[in-house]
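Visitor: Please take one part of this model and look at it closely. Then work outward from there, step by step.

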Amino acid sequence: MKYEIIRLADRPTRKHQAARWFHEKWNIPLAAYLESMEESLTGKKAVPQWYVAVKDDMVIGGLGVIENDFHDRKDLTPNVCAVYTEEAWRSRGVAGALLNHVCADMKNRGINTLYLLTDHDSFYERYGWQFFCMAQGEGESEMSRMYVHRT
């Protein structure tokens, strides 16, 4: 059951497949994903970046790194965003592998601190993330947990 983790900047031909997949999971406009992914392909900056886990040409998981994941703490940047694993692949380490991969890749690009906004309260600790503070997501009535990972 081996899968491959791909940084889209290394495989730009996957951009449209990845953008559609993220759009279907998070209901963010397809154009927003395409724009961010296109910016990542220029290689001018470390952020944004997009990653997908692929098995037999099918995306089974993914995440991105963007400046701000739609929250009020603009000082906490960059953010890991859109973490998602297909239900059939959950509890198999896909999300953990993606998180570990992105942390290592960002460190190689000179980014030593990453933030992540979530409603989960224990999942990310397994992968070295620490609770940092509460933050207000755009359009959200409840506060969400902000985690930090220092590479």
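Guide: Start at Asp105. Leaving aside residues up to four places away in sequence, Asp105 touches Arg7 and Tyr51. This is a predicted model, and every value here is computed from it. Asp105 sits in helix α3. Its relative accessibility is 12%, so it counts as buried, the cut-off being under 20%. Arg7 is 98 residues away from Asp105 along the chain, yet their C-alpha atoms are separated by 9.1 Å. The side chain of Asp105 also has a polar contact with the side chain of Arg109, at 2.9 Å.

Next, a second charged residue. Lys15 belongs to helix α1, which covers residues 15-26. Lys15 has a relative accessibility of 14% and therefore counts as buried. A polar contact of 2.4 Å links its side chain to that of Glu38. Lys15 has further neighbours beyond four places in sequence: along with Glu38, it touches Leu8, Leu34, Met37 and Leu41.

Helix α3 also leads to the largest pocket. α3 (94-108) supplies at least two residues of the pocket lining, as do α2 (30-41), β4 (79-85) and β5 (113-118). The pocket holds about 1,200 Å³ of space. Its lining counts 41 residues, and the closest to its centre are Trp26, Asp69, Cys81, Ala82 and Val83. Strand β4 gives the largest share of the lining, with six residues. By class, 22 of the lining residues are nonpolar, nine are polar and 10 are charged.

Stay with β4 and take Ala82. This residue is placed in the strand. Its phi is positive, about 55 degrees, although Ala82 is not a glycine. At 12% relative accessibility, Ala82 counts as buried. Ala82 is also among the residues closest to the pocket centre.

Asp56 makes a useful comparison. Asp56 has a positive phi too, about 50 degrees, and is not a glycine. Its setting is the loop between β2 and β3. Asp56 counts as exposed, with a relative accessibility of 68%. In short, Ala82 is buried, whereas Asp56 is exposed.

Now the aromatic residues. The structure has 12 aromatic pairs. One of them joins Trp26 and Tyr84 edge-to-face, with 6.1 Å between centres and 85 degrees between planes. Trp26 is in helix α1 and Tyr84 is in strand β4, so this pair ties together parts that lie 58 residues apart in sequence. Both rings belong to residues that are partly exposed: Trp26 has a relative accessible area of 38%, and Tyr84 has 22%. Another edge-to-face pair is Phe123 with Tyr124, at 5.0 Å centre to centre and 90 degrees between the planes. Tyr124 is buried, with a relative accessible area of 5%.

Trp26 and Tyr84 are also part of a wider group. Ring pairs link them with Trp21, Phe22, Tyr33 and Trp50 into a cluster. Trp26 thus connects two topics, because it is paired with Tyr84 across helix α1 and strand β4 and is also listed among the residues closest to the pocket centre.

Last, the backbone. Two cis peptide bonds deserve a look. One joins Val47 and Pro48, with omega about 10 degrees. Pro48 lies in the loop between α2 and β2, and β2 spans 49-55. The other runs from Thr77 to Pro78, with omega near -5 degrees. Pro78 is in the loop between β3 (58-66) and β4. That loop leads back to β4, the strand with the largest share of the pocket lining.

To retrace the route: the starting point was Asp105, a buried residue in helix α3. Helix α3 contributes to the lining of the largest pocket. Strand β4 contributes six residues there, and Ala82 in that strand carries a positive phi. Tyr84, also in β4, pairs with Trp26 of helix α1. Lys15 belongs to that helix as well, and its side chain makes the polar contact with Glu38.

Conventions: Residues are numbered from 1 along each chain as its sequence is written. This is a predicted model: local features need pLDDT of at least 70, side-chain atom pairs count only at pLDDT 80 or more; totals for chains, interfaces and linings use all residues. Side-chain values use heavy atoms; hydrogens and water are left out. On a 1 Å grid over the protein atoms alone, a cavity is a set of points where a 1.4 Å probe fits but cannot get out, and a pocket is an open set with protein on both sides within 12 Å along at least five of seven lines; lining residues have an atom within 4 Å of a point. Grid points are joined across faces, edges and corners, and a volume is the space filled by probe spheres set on the points. Helices (H or I, at least four residues) and strands (E, at least two) are DSSP runs, numbered from the N terminus. Ala, Val, Leu, Ile, Met, Phe, Trp, Tyr, Cys and Pro count as nonpolar, Asp, Glu, Lys and Arg as charged, and the others, Gly among them, as polar. Buried means under 20% relative accessible area, exposed over 50%, partly exposed in between (1.4 Å probe, protein chains only). A polar contact is a pair of N or O atoms within 3.5 Å; within protein, one must be able to donate a hydrogen and the other to accept it, and residues adjacent in sequence count only if both atoms are side-chain atoms. Contact means heavy atoms within 4.5 Å. Rings of Phe, Tyr and Trp (its six-membered ring) pair if their centres lie within 6.5 Å; planes under 30 degrees apart count as stacked, over 60 as edge-to-face and the rest as tilted.
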